[in-house]
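I opened this model to look up its overall form, its surface and its aromatic contacts. These are my notes, in the order in which I checked things.

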Amino acid sequence: FERLGITDWFSYFQVLAIPIALCTGMGCLFGGYYWGIKGALIGFIGGLVAPAASVYLLVDVAYAAAILLAFVAAWAVVLWLVYFVLDQ
């Protein structure tokens, strides 16, 4: 978040004002339409945290993909070595 210029609550709402507004509005609309006042309130709260959660999940998924790629590459090398040794 520091790379985005987000250091505190005020800068979070300032930097991500448009995504927060869109997520909050859509959350209120869909929550209110399907579950009434309680759904609109939950949609509002979800809309406030959705941009932060999206950034966090993006970083988390990218990290998991990098670890998975390293794991698959390591197993490919091991299996190639086994094949190479048994083929000789």
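The entries below go from the whole chain to single residues.

**Entry 1, overall form.** I noted before anything else that this is a predicted model. I looked up the secondary structure and found two helices and zero strands in the protein chain. I then checked the radius of gyration, which is 22 Å and so well over the 12 Å that the globule rule gives for 88 residues, which means that the chain is more spread out than a compact globule. Along the principal axes, I read a span of about 70 × 35 × 15 Å for the C-alpha trace.

**Entry 2, burial and contacts.** I looked up how much of the chain is covered, and 15% of the 88 residues count as buried. For the contacts between residues at least 6 apart in sequence, I noted that 44% join residues at least 24 apart.

**Entry 3, surface.** The accessible surface of the protein chain comes to about 7,300 Å², and I noted that carbon and sulfur atoms account for 78% of that area. I then searched for nonpolar patches on the surface and found one formed by L68, F71, V72, W75, V78, L79, V82 and L86, with about 830 Å² of accessible area together. From this patch I picked L79, which is found in helix 2, residues 17-87. L79 has a relative accessible area of 52%, and because the cut-off for exposed is over 50%, I entered L79 as exposed.

**Entry 4, T24.** I went on to T24, which also has its place in helix 2. Is T24 buried or exposed? I found a relative accessibility of 10% for T24, which therefore counts as buried, the cut-off being under 20%. Leaving out residues up to four places away in sequence, I listed G43, F44, G47 and L48 as the residues that T24 touches.

**Entry 5, aromatic rings.** I looked up the ring contacts and found seven aromatic pairs in the structure. One of them joins W9 and Y12 in an edge-to-face arrangement, at 6.3 Å centre to centre and with 90 degrees between the planes. Both residues lie in helix 1, residues 9-15, and they are three residues apart, about one turn of the helix. I noted that W9 is exposed at a relative accessible area of 64%, whereas Y12 counts as buried at 7%. Y12 also pairs with F13, again edge-to-face, at 5.1 Å centre to centre and 70 degrees between the planes. F13 is partly exposed, with a relative accessible area of 36%. I closed the entry by recording that ring pairs link W9, Y12 and F13 into a cluster.

Technical notes: Residues are numbered from 1 along each chain as its sequence is written. This is a predicted model: local features need pLDDT of at least 70, side-chain atom pairs count only at pLDDT 80 or more; totals for chains, interfaces and linings use all residues. Side-chain values use heavy atoms; hydrogens and water are left out. The radius of gyration is taken over C-alpha atoms; the globule rule is 2.2 Å times the number of residues to the power 0.38. Buried means under 20% relative accessible area, exposed over 50%, partly exposed in between (1.4 Å probe, protein chains only). Contact means heavy atoms within 4.5 Å. Accessible areas come from the Shrake-Rupley method with a 1.4 Å probe; for residues, only the protein chains shown count as cover. Patches are made of residues with over 30% relative accessible area and no salt bridge: like charges are joined within 9 Å, nonpolar side chains (Val, Leu, Ile, Met, Phe, Trp, Tyr) within 5 Å. A salt bridge is a side-chain nitrogen of Lys or Arg within 4 Å of a carboxyl oxygen of Asp or Glu. Rings of Phe, Tyr and Trp (its six-membered ring) pair if their centres lie within 6.5 Å; planes under 30 degrees apart count as stacked, over 60 as edge-to-face and the rest as tilted.
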